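This report considers a helix, its surroundings and a loop residue. Please have the sequence and the structure at hand while reading.

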Amino acid sequence: MYPFIRMIKGMLVNRNAPKIDLLDTHISHHMCWPWDIDLWMELNNGRTLTLYDLGRLPAGGRVGMYGPMKANNWGMTVAGSVIRYRRRVRMFEKFDIRTRLLGWDKRFIYMDQSSWKTDGDCASHVVLRMALTDKTGIVDPQKMMDLLKPGTSSPDLPEWVQKWKEAEDLRPWPPIKTDP
């Protein structure tokens with residue numbers, strides 16, 4: 001089940017937090033609860049992606065995205081992600097999620113999120129491409145950026161993000177359907 005109560009708590013805790021610039025890092029604080037674990041008594045890999053939502057949503061609010069989204073009837077969806085898991089997060093362990101915007105192109109907004117344990121180790125890292133949408137399809141992210149910070153342009157994406165983007169462009173869609 002989606003952690004709606006935790007999401008609402010995160011949004012309420014951050015509703016009066018100071019605004020941050022487009023490229024600043026938002027830090028949110030979390031704990032691995034019993035309903036987040038798998039059979040190995042650690043944070044489930046799928047739940048990790050869900051908890052990254054709880055870092056992105058308040059970050060979007062602090063940047064100021066929700067006003068323009070509501071005014072223009074835009075939505076936001078994850079259009080792709082790549083994740084690395086490196087350290088286990090055990091039940092009742094606390095960790096922080098760091099969320100930042102890397103840049104954007106004509107179709108997608110690229111975000112970087114990482115999960116940090118209290119001992120300073122990075123537990124996981126995800127890069128996402130997010131699509132701003134309306135009833136006709138994908139909206140050029142520059143439209144939102146012009147509303148948030150007029151005259152701004154995307155910083156160059158890191159080379160490794162550009163390579164991932166190129167690899168995604170080569171990937172077939174729809175995927176090849178195999179027979180059982």
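## The two sides of helix α1

In this predicted model, the buried residues of helix α1 are R6, G10 and N14. These three residues cover an arc of only 60° around the axis, so they lie on the same side of α1. A general rule helps in reading this pattern: an α-helix has 3.6 residues a turn, so residues three or four places apart point the same way.

On the other side of α1, I5 and K9 are exposed. The cover over the buried residues of α1 includes strand β1 (26-31) and helix α2.

## The packing of α1 against α2

Helix α1 comprises residues 4-14 and helix α2 residues 45-63. Their axes are 9 Å apart and form an angle of about 25°. Because angles under 35 degrees count as roughly parallel, α1 is described as roughly parallel to α2. The crossing of the two helices is right-handed.

Which residues of α1 and α2 meet? On the α1 side they are R6, M7, G10, M11 and N14, and on the α2 side R47, L51, L54, L57, P58 and R62. The residues of this contact comprise six nonpolar, two polar and three charged.

## A loop residue: D156

D156 belongs to the loop that lies between α4 (141-148) and α5 (159-170). Is D156 buried or exposed? D156 has a relative accessible area of 73%, and exposed means over 50%, so D156 is exposed.

D156 and N72 are separated by 84 residues in sequence, and their C-alpha atoms are 27 Å apart in space.

Key:
Residues are numbered from 1 along each chain as its sequence is written. This is a predicted model: local features need pLDDT of at least 70, side-chain atom pairs count only at pLDDT 80 or more; totals for chains, interfaces and linings use all residues. Side-chain values use heavy atoms; hydrogens and water are left out. Axes are lines fitted to C-alpha atoms, for helices over the stretch in contact, and angles run from 0 to 180 degrees between N-to-C directions. Helices (H or I, at least four residues) and strands (E, at least two) are DSSP runs, numbered from the N terminus. Angles under 35 degrees count as roughly parallel, over 145 as roughly antiparallel, 65 to 115 as roughly perpendicular and the rest as oblique. A crossing is left-handed if the near helix is turned anticlockwise from the far one by less than a right angle, and right-handed if clockwise. Contact means heavy atoms within 4.5 Å. Ala, Val, Leu, Ile, Met, Phe, Trp, Tyr, Cys and Pro count as nonpolar, Asp, Glu, Lys and Arg as charged, and the others, Gly among them, as polar. Buried means under 20% relative accessible area, exposed over 50%, partly exposed in between (1.4 Å probe, protein chains only). The arc is that of the directions from the helix axis to the C-beta atoms.
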